[in-house]
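Morning, everyone. I have one structure for you today, and I'll keep it brisk.

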Amino acid sequence: MVPDQNLKERLSEGFSGDILTDVMLRDHTSLRIGGKADYLFIPSDPVSLLRLIDALSGEGIGYVLIGGGTNILVTDDGLEDVVINMKAFQSLERVGDRGADSGDSGDDVRVFAQAGLPLQRLVSFCREGGLSGIEGLVGIPGTVGGAVFGNAGSYGYEIMDVVQKVTALRGGSIVVLDREDINPTYRSGGFSPDTVILGVHMLLKRDDKGTLQDRMNEFLQMKKKTQPLGERSAGCIFKNPPAESAARLIDEAGYKGMRIGDIEISTLHANFFINKGQGSAGDFLALMDAVIEGIGRMFGIILEPEIGVIGKR
Ligand SMILES: Cc1cc2nc3c(=O)[nH]c(=O)nc-3n(C[C@H](O)[C@H](O)[C@H](O)COP(=O)(O)OP(=O)(O)OC[C@H]3O[C@@H](n4cnc5c(N)ncnc54)[C@H](O)[C@@H]3O)c2cc1C
């Protein structure tokens, strides 16, 4: 698809928000890798989003959602599809304590966050408000929507543990999904690919602020020591196999520091691949394949990617 003024006009009918054309997606990912998208839409409200998706479907054009771009690899040839970013959806509010009268313990606090909110804004809100439940997510970049879609987690905490309801766009309408109807697993929120997460209702517990802050600081210090946080990465590349650690296997295989082009397996954390400069998606995928092949041969375990690969191949 080439940007075309008529198409742009048709897609922007009834649309409120920003429309960017000829966008280099490397500027929208933490890896700083990825080719071009013809269009990037940033809707400012759910109705605009709904209309856009409807118009795209009428034109027979696909779309891809990008949050913070911190868990994806965009290929070098970029995308045919339109890219949609939810960064205008940033509300965050405490929706009222349930209190003793409701029959609950009184420790419960409900919080609503929209999908485009940076996850660390939610974490800070909880730290400052003395709300426990997601402290293990401290330091994880990206947005609330991306975290919920992939059930982001760390140190035994997963975001879906606190999610009660998800407001989403699905099949052309806005739906509210109850937690009982969602089946999250390790690094998957359990959503169908056509689900656009708009916002999440969470149930958190009141906790002593000082204790909470100490716990978060401890997690953050551990992360800083064990993960290359300041480098260009997409977090863990492979899911941990059952009762095993992907990082341990890659380390054991002697692959730390292995490099193809400008993509290097971190010497600090073997499940992080780093873009050391002008790294390409081609080199990144080749390194992933080499690791999958080597770990399969050495340990009889097939590693599964945790990151999403988007774009033409
Ligand atoms: C330094 C570093 C450390 C990390 N540490 C961790 C960690 O400890 N634990 C962990 O789990 N992850 C970790 N990650 C990975 C990543 O930050 C998380 O998975 C994060 O939650 C992804 O959010 P995002 O907004 O960047 O999603 P993106 O990368 O933009 O998208 C990821 C997926 O979610 C989909 N998506 C995004 N928004 C929506 C939406 N609104 N509705 C539907 N689908 C959507 C996208 O289409 C894509 O398939 C780390 C990454 C980095 C770079």
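I'll go through domains, core, ligand shell, strands and then a few single residues.

First, a caution. This is a predicted model.

Let's start with the domains. The domain assignment splits the protein into domain 1 (5-85), domain 2 (92-225) and domain 3 (230-310). Take domain 1 and domain 3. Their centres, taken over C-alpha atoms, are 28 Å apart. Domain 1 puts 14 residues into the contact, and domain 3 puts in 14 residues. Which element gives the most on the domain 1 side? Strand 4, residues 72-74, with three residues. And the make-up of that side of domain 1? Seven nonpolar residues, five polar and two charged.

Now the core. The largest nonpolar core holds 78 residues. Five of them touch the most other members: L73, V83, V144, V148 and I159. Stay with L73 for a moment. Leave out residues up to four places away in sequence. Then L73 touches L31, I33, A234, A281, F284, I307 and V309. On the general side, nonpolar side chains tend to be buried together in soluble globular proteins.

Next, the ligand. The shell around the ligand has 31 residues. Which are the closest? G67, G142, G145, G146 and G235. Four elements give two or more residues to this shell: strand 3 (63-66), helix 4 (144-149), strand 9 (153-154) and strand 13 (196-206). Helix 4 gives the most, with four residues. By class, the shell has 14 nonpolar and 17 polar residues. How many charged residues does the shell have? None.

On to the strands. As a reminder, strands of a sheet pair through backbone hydrogen bonds, parallel or antiparallel. Look at strand 11, residues 163-170. Strand 11 runs antiparallel to strand 13, and six bridges join the two. L169 has V196 of strand 13 as its bridge partner. Strand 11 also pairs with strand 12, residues 173-178, again in the antiparallel sense and over six bridges. There, V166 is bridged to L177 of strand 12. The hairpin of strand 11 and strand 12 has two residues between the strands. G171 in that hairpin takes a positive phi near 55°.

There is also an open sheet of three strands. The order is 14-15-16, with antiparallel pairing. Why is one side of strand 14 and of strand 16 left without a neighbour in the sheet? Strand 14 (259-260) and strand 16 (273-275) stand at the edges and have a single partner strand each, so one side of each has no neighbour in the sheet. Strand 14 and strand 15, residues 263-265, are joined by two bridges. R259 has E264 of strand 15 as its bridge partner.

Now single residues. In general, most residues other than glycine have a negative phi. Here are two with a positive one. N151 is not a glycine, yet its phi is positive, about 45°. N151 sits in the loop between helix 4 and strand 9. A243 is not a glycine either, and its phi is positive too, about 55°. A243 sits in the loop between helix 5 (209-226) and helix 6 (246-252).

Is N151 buried or exposed? Buried, because 20 other C-beta atoms lie within 10 Å, and the cut-off for buried is 20 or more. Is A243 buried or exposed? Exposed, because A243 has 5 C-beta neighbours inside 10 Å, and the cut-off for exposed is 12 or fewer.

Two more loops. H269 lies between strand 15 and strand 16. H269 is buried, since 22 other C-beta atoms are within 10 Å. Leaving aside neighbours within four places in sequence, H269 is in contact with T226, Q227, P228 and A247. H269 and G235 are 34 residues apart in sequence, and 9.8 Å separates their C-alpha atoms. Recall that G235 is among the closest residues to the ligand.

Last stop, G78. G78 is in the loop between strand 4 and strand 5 (82-85). G78 counts as buried, with 22 C-beta neighbours inside 10 Å. Not counting residues up to four places away, G78 touches L25, G34, G35, K36, A37, G311 and K312. G34 is 44 residues from G78 along the chain, with 6.1 Å between the C-alpha atoms.

That's my tour. Over to you.

How values were computed:
Residues are numbered from 1 along each chain as its sequence is written. This is a predicted model: local features need pLDDT of at least 70, side-chain atom pairs count only at pLDDT 80 or more; totals for chains, interfaces and linings use all residues. A nonpolar core is a set of buried Ala, Val, Leu, Ile, Met, Phe, Trp, Tyr and Cys residues joined through C-beta atoms within 7 Å. Two residues are in contact if their C-beta atoms, placed from the backbone, lie within 7 Å. Domain bounds come from an automatic or database domain assignment. Ala, Val, Leu, Ile, Met, Phe, Trp, Tyr, Cys and Pro count as nonpolar, Asp, Glu, Lys and Arg as charged, and the others, Gly among them, as polar. A residue is near a molecule or strand if its C-beta atom, placed from the backbone, lies within 6 Å of it. Two strands pair if DSSP finds at least two bridges between them.
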